[in-house]
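Colleague: I would like to learn how to read the cysteines, the cavities and the nonpolar cores of a model such as this one. Could we go through them in turn?

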Amino acid sequence: MYGRLLNLASSALAEEEFKQESLNFWEEPYQEASKWTPCADKRYPTSLGKPGESNGYIMVSANGGLNQQRVAICNAVAVASLLNATLVLPKFLYSNVWKDPSQFGDIYQEDYFMRTLKDDVHIVQELPLHLKSLDIEAIGSLITDADIVKEAKPIDYVRTVLPLLMKNKVVHFLGFGNRLAFDPLPPELQRLRCKCNFHALKFVSKIQEVASLLIKRIRKFKYHAAERQLDKQLLGYFTPSISSKEDYVERGSSRYLALHLRFEEDMVAYSQCDFGGGEHEKKELEAYREVHFPLLIERLKNSKPVSPSELRKLGKCPLTPEEAALVLAALGFKRGTYIYLAGSRIYGGSSRMHPFTNLYPNLVTKETLLTYNELAPFRNFSSRLAALDFIACATSDVFAMTDSGSQLSSLVSGFRTYYGDGHAPTLRPNKKRLAAIFSENSSIGWTTFEDRVRKMIEEGQRVRVRGSGRSIYRQPRCPECMCRS
């Protein structure tokens, strides 16, 4: 689709190879970013604290993958506080999509979680014996996603859930996907969400240990001169360190860019876009939709069809590997840049990735950096593998996303904002604007292409305070989560 532009990019990268970088997307462009510091764990006179007496127990069985479950956990903490309830350590539902039986303690440090939130919410590992024997569904205390609207407000929980809790002393949320709105919400509950996400949820030591090994290999065993908050929070005792600043200066530090290229088969099929693969691609993706997305098929039967070209104009199509490579080239990242690719299998495999690796050959993944034995404890556990990607992306020098709607990208960018000290740039392409630029691929000059892509990315890097209704996990710059100096 982009043969001409890819040739221009290749020539531009060859010319820039031995020149000094004129633009530096390795750094945050706005000093304002460093004025925001983490403070969701501070105690304030207005802090709610634990109620003297609990109204009952809240159980949560969270659906989805690692990142959806993380959001569900922190929303559950906020709801437990809202209803003066005791939270039972959340469970994770087994999904036919993710195929991962992992539970809370396989991913996160249970004791640390409970200890960090001990002054805010009552948390227990399991229901007391006298409640375990109850048939939760029979007594009407099973609450599914059909019973609570998406982005429910606090009043919805007070009206719907609290009476059940007071009556039966236990409620069980089944699914609990995006079931708490970001606004309006009392500031103390918002702060509690942030404290949960950014402070209370620490990965277990086995994940931290292997993630540390992964990052050491990406950086070629060259580290940062000082411990960064990002590394310390995510890697704990396994944070790489060096003996002295002199050693750091002598050996240098191998920078890397982490890329979350959301171009897996499920994403590609669900989008209904055309990716240049002709009739074979069209039939293959139609077959995938019929098997994996029956509800989407039904919805499409009862709605006006939107053409693939129109979907692309609207910015609804996932970025292809070629498009991602062209964006990085336009931003001035040199051919030798080390790039960590997060995610699972790219649709189309190595042949689809060829245009990308032709421009950027130093592409690595967890599978190429870790040995078979090192990956063995993670291999059949998608959430544990996703945790490695989360850490590798969050601690990278630059993080580039291709789909701002992705939970991984949202949570990683939020972590980088919260713990990055203003030195953790994130690149967010505007897919609608990018589609307009790419629509001119047969005629646009390389200099014009560079200028338009750079302006688009720079606009996305502006330091903004979280707007009403925006995710506090993705955009923590607000008084409830961060302090501005």
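**Reading the cysteines, cavities and cores**

Modeller: Let us begin with a pair of cysteines, bearing in mind that this is a predicted model: Cys74 is buried, and so is Cys196.

Colleague: How far apart are the sulfur atoms of Cys74 and Cys196, and which hand does their link have?

Modeller: A disulfide is recognised here when two cysteine sulfur atoms lie within 2.5 Å. The sulfur atoms of Cys74 and Cys196 are 2.4 Å apart and form a disulfide, and the angle of -80° about the S-S bond makes this link left-handed. The pair links distant parts of the chain, with Cys74 in helix H2 (residues 66–82) and Cys196 in helix H8 (residues 187–200), 122 residues apart.

Colleague: How many disulfides does the structure hold, and what is the pairing when the bonded cysteines are numbered in sequence order?

Modeller: There are four disulfides, and with the bonded cysteines of the chain numbered in sequence order the pairing reads 1-8, 2-4, 3-7, 5-6. One of the disulfides joins Cys194 to Cys481, with an S to S distance of 1.5 Å. Cys194 lies in helix H8 and Cys481 in the loop between helix H23 (446–460) and strand S13 (482–484), so this disulfide ties together parts that are 287 residues apart in sequence. Cys194 is buried, with a relative accessible area of 0%, and Cys481 is buried with a relative accessible area of 0%.

Colleague: Where do Cys273 and Cys317 lie, and are they buried or exposed?

Modeller: Cys273 and Cys317 form a disulfide with their sulfur atoms 2.1 Å apart, and this link is left-handed, with -95° about the S-S bond. Cys273 is in the loop between helix H12 (265–271) and helix H13 (278–292), whereas Cys317 is in the loop between helix H15 (308–313) and helix H16 (321–330), so that the pair links distant parts of the chain, 44 residues apart. Both Cys273 and Cys317 are buried.

Colleague: Why is the sulfur of Cys393 too far for a bond?

Modeller: The closest cysteine sulfur, in Cys74, is 19 Å from the sulfur of Cys393, which is too far for a bond; at 0% relative accessibility, Cys393 counts as buried. Cys478 is in no disulfide either, the nearest cysteine sulfur, that of Cys481, being 4.2 Å away. At 3% relative accessibility, Cys478 also counts as buried.

Colleague: Turning to the cavities, how many of 30 Å³ or more does the structure hold, and which residues line the largest cavity?

Modeller: A cavity is space where a probe fits but cannot get out. The structure holds five cavities of 30 Å³ or more, and about 120 Å³ of space lies in the largest cavity. Helix H8 gives the most to the lining of the largest cavity, with four residues, and the lining residues include Lys42, Arg43, Asp120, Glu188, Arg191 and Lys195. By class, this lining has three nonpolar, three polar and six charged residues.

Colleague: Which residues have the most contacts inside the largest nonpolar core?

Modeller: The largest nonpolar core has 90 residues, and those with the most contacts inside it are Ile58, Phe113, Tyr157, Phe173, Phe203 and Tyr340. Helix H2 gives the most to this core, with ten residues. Leaving aside its neighbours within four places in sequence, Tyr340 is in contact with residues including Leu214, Ile218, Tyr256, Val364, Leu369 and Ala392. A second, separate core of 53 residues includes Leu285, Leu319, Ala400 and Phe449.

Terms used
Residues are numbered from 1 along each chain as its sequence is written. This is a predicted model: local features need pLDDT of at least 70, side-chain atom pairs count only at pLDDT 80 or more; totals for chains, interfaces and linings use all residues. Side-chain values use heavy atoms; hydrogens and water are left out. Helices (H or I, at least four residues) and strands (E, at least two) are DSSP runs, numbered from the N terminus. Buried means under 20% relative accessible area, exposed over 50%, partly exposed in between (1.4 Å probe, protein chains only). On a 1 Å grid over the protein atoms alone, a cavity is a set of points where a 1.4 Å probe fits but cannot get out, and a pocket is an open set with protein on both sides within 12 Å along at least five of seven lines; lining residues have an atom within 4 Å of a point. Grid points are joined across faces, edges and corners, and a volume is the space filled by probe spheres set on the points. Ala, Val, Leu, Ile, Met, Phe, Trp, Tyr, Cys and Pro count as nonpolar, Asp, Glu, Lys and Arg as charged, and the others, Gly among them, as polar. A nonpolar core is a set of buried Ala, Val, Leu, Ile, Met, Phe, Trp, Tyr and Cys residues joined through side-chain atoms within 4.5 Å. Contact means heavy atoms within 4.5 Å.
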